[in-house]
Amino acid sequence: MKIWVDADACPNVIKEILYRAAKRLQIPLTLVANAPLQIPASPYIESVQVRSGLDVADNYIVQQMATGDLVITADIPLAANAIEKGGYALNPRGEFYDRRNIRERLSMRDFMESLRSSGVETGGPPAMSSRDRETFANQLDRFLTKHQS
């Protein structure tokens, strides 16, 4: 199993949790972004810089990932593609996407997009809280404990 991170929008505090988990459990972690990243020196952690453009990092992750890999992303279409390919998807707030809830999330995303395109102010997500960080860390730990071979 490998962990893939949609790193352009991933909060630094979540990256730090992932770095510690990768080192502690010796799990490969790859951060994909369209800008250079500073990562800790570790044989388990790497970064890949892709060219700028819409969905370039997302497409790279989906092309490179394997069945059973974990993708960390808040991007609903990327999560859907990862699940479709047999992987798992966890958002930075600690919510797992799965076959049961991803369709609902895609529908809500499309609805919100149509509101925004018609001029309705929808606002953004709330700031990352300590509870979000704790939820993410707990979900990641449970997942890795369950899925480590």
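**Exercise 1.** In this predicted model, determine which residues Leu-140 touches, leaving aside those up to four places away in sequence, and then place Leu-140 within the nonpolar packing.

*Solution.* Step one is the contact list: Leu-140 touches Ile-17, Leu-18, Ala-21, Leu-70 and Leu-90, with residues up to four places away in sequence not counted. Step two turns to the largest nonpolar core, which has 22 residues, and in which Leu-140 belongs with Ile-3, Val-5, Leu-18, Leu-29, Ile-72 and Phe-136 to the group touching the most other members. Step three assigns this core to secondary structure: E1, H1, E2, strand E4 (70–72) and helix H5 (130–147) each give two or more residues to it, and H1 supplies the largest share, six residues. Step four notes that another core lies apart from this one, with 12 residues, among them Ile-61, Val-62, Met-65 and Val-71.

**Exercise 2.** Establish whether the two faces of strand E2 are covered or open, and describe how E2 is joined to strands E1 and E3.

*Solution.* Begin with burial, for which the cut-off is under 20% relative accessible area: five of the five residues of E2 (residues 29–33) fall in the buried class. Sorting them by side, Leu-29, Leu-31 and Ala-33 lie on one face and Thr-30 and Val-32 on the other, and both faces are covered. Next consider the pairing with strand E1 (residues 3–6), which runs parallel to E2 and is joined to it by four bridges; here Ile-3 stands opposite Leu-29. The chain passes from E1 through helix H1 (residues 12–25) to E2, and this β-α-β crossover is right-handed. Finally, E2 pairs with strand E3 (residues 45–49), also in the parallel sense, over five bridges, and Thr-30 stands opposite Glu-46 in E3.

**Exercise 3.** Work out which rings are linked into a cluster with Phe-143, and classify the geometry of each pair.

*Solution.* A search of the whole structure gives three aromatic pairs. In one of them, Tyr-88 and Phe-143 are edge-to-face, with 5.0 Å centre to centre and 65° between the planes. Since Tyr-88 lies in strand E5 (residues 88–90) and Phe-143 in helix H5, this pair ties together parts that are 55 residues apart in sequence. Tyr-88 is partly exposed at a relative accessible area of 32%, whereas Phe-143 is buried at 5%. Phe-96 and Phe-143 form a tilted pair, at 5.5 Å centre to centre with 35° between the planes. Ring pairs thus link Tyr-88, Phe-96 and Phe-143 into a cluster.

**Exercise 4.** For the salt bridges Glu-46 to Lys-2, Asp-141 to Arg-24 and Asp-132 to Arg-93, state the N to O distance and the exposure of each partner.

*Solution.* The whole structure holds five salt bridges, among them the three treated here.

- Glu-46 and Lys-2 meet at 3.3 Å, N to O; because Glu-46 lies in strand E3 and Lys-2 in the segment before E1, the pair ties together parts 44 residues apart in sequence. Glu-46 is partly exposed at 37%, and Lys-2 is partly exposed at 21%.
- Asp-141 and Arg-24 have their closest N and O atoms 3.6 Å apart, and the pair links helix H5 with helix H1 across 117 residues. Asp-141 is partly exposed at 37%, while Arg-24 is exposed at 52%.
- Asp-132 and Arg-93 meet at 2.6 Å, N to O. Asp-132 is buried at 16%, while Arg-93 is partly exposed at 28%.

Technical notes:
Residues are numbered from 1 along each chain as its sequence is written. This is a predicted model: local features need pLDDT of at least 70, side-chain atom pairs count only at pLDDT 80 or more; totals for chains, interfaces and linings use all residues. Side-chain values use heavy atoms; hydrogens and water are left out. Buried means under 20% relative accessible area, exposed over 50%, partly exposed in between (1.4 Å probe, protein chains only). Two strands pair if DSSP finds at least two bridges between them. A crossover is right-handed if, with the strands pointing away from the viewer, the path from the first strand over the helix to the second runs clockwise. A nonpolar core is a set of buried Ala, Val, Leu, Ile, Met, Phe, Trp, Tyr and Cys residues joined through side-chain atoms within 4.5 Å. Contact means heavy atoms within 4.5 Å. Rings of Phe, Tyr and Trp (its six-membered ring) pair if their centres lie within 6.5 Å; planes under 30 degrees apart count as stacked, over 60 as edge-to-face and the rest as tilted. A salt bridge is a side-chain nitrogen of Lys or Arg within 4 Å of a carboxyl oxygen of Asp or Glu.
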